[in-house]
Amino acid sequence: MLDLSGEVKERVIRIWENMGKEDRDHFINQVALAMSIWGSDKEGRALVLDVLNEMVKKGSRNLADFGLFVEAAIKNAKNKSKIKRAAIILEGYRIKHALPSEPHMPIV
């Protein structure tokens, strides 16, 4: 899959529009770090989309949570060690920048 479904795409756009600049920057940085490991080819882009789908499915309200959902991409990855490596690097990024260890989720 190299595209987000209409509903997921709309949700991602709404989340993006409601995010502050700092959270947008953290999202972009985390995606860039992940793609530096996964590659920017079809497989790497598909993994990013898998993570975004999982984030929306689970109800995350902030794309800066990207690093918390990376391991969800394992199910569709050919090289699971790349996913785990990205997860470790993103965890370090999140700690360095004092990002939450729990996703931004609506209170039920």
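At what angle do helix 2 and helix 4 pack, and how far apart are their axes? The legends below take up this pair and two further views of the predicted model.

**View A. Packing of helix 2 against helix 4 (residues 80-96).** In this predicted model, the two helices pack at an angle of about 150°, and their axes lie 9 Å apart. Because angles over 145 degrees count as roughly antiparallel, helix 2 and helix 4 are roughly antiparallel to each other. Their crossing is right-handed. From helix 2, the residues Asp25, His26, Asn29, Gln30, Leu33, Ala34, Ile37 and Trp38 take part in the contact, and they meet Lys82, Ile83, Arg85, Ala86, Ile89, Leu90, Tyr93 and Arg94 of helix 4. Sorted by class, this contact holds nine nonpolar, three polar and four charged residues.

**View B. Packing of helix 2 (residues 21-38) against helix 3 (residues 42-58).** Here the helices pack at an angle of about 140°, again with 9 Å between their axes, which makes helix 2 oblique to helix 3. Helix 2 passes helix 3 in a right-handed crossing. On the helix 2 side the contact is made by Phe27, Val31, Met35 and Trp38, which meet Gly44, Arg45, Leu47, Val48, Val51 and Leu52 on the helix 3 side. The residues of this contact comprise eight that are nonpolar, one that is polar and one that is charged. Trp38 of helix 2 appears in the contact with helix 3 and also in the contact with helix 4.

**View C. The largest pocket of the model and its lining.** This pocket has a volume of about 220 Å³. It is lined by 13 residues, of which Gly67, Leu68, Ala87, Glu91 and Arg94 are the closest to its centre. The lining as a whole is made up of seven nonpolar, two polar and four charged residues. Arg94, named here among the lining residues, is also one of the helix 4 residues that meet helix 2.

Conventions:
Residues numbered from 1 in each chain as written. Predicted model: local features only at pLDDT ≥ 70, side-chain atom pairs only at ≥ 80, totals over all residues. Heavy atoms only, no water. Axes fitted to C-alpha atoms, helices over the stretch in contact; angles between N-to-C directions. Parallel < 35°, antiparallel > 145°, perpendicular 65-115°, else oblique. Left-handed = near helix turned anticlockwise from the far one by under 90°. Contact = heavy atoms within 4.5 Å. Nonpolar A, V, L, I, M, F, W, Y, C, P; charged D, E, K, R; others polar. 1 Å grid on protein atoms, 1.4 Å probe; cavity = no way out; pocket = protein on both sides within 12 Å on 5 of 7 lines; lining within 4 Å. Points joined across faces, edges and corners; volume = space filled by probe spheres on them.
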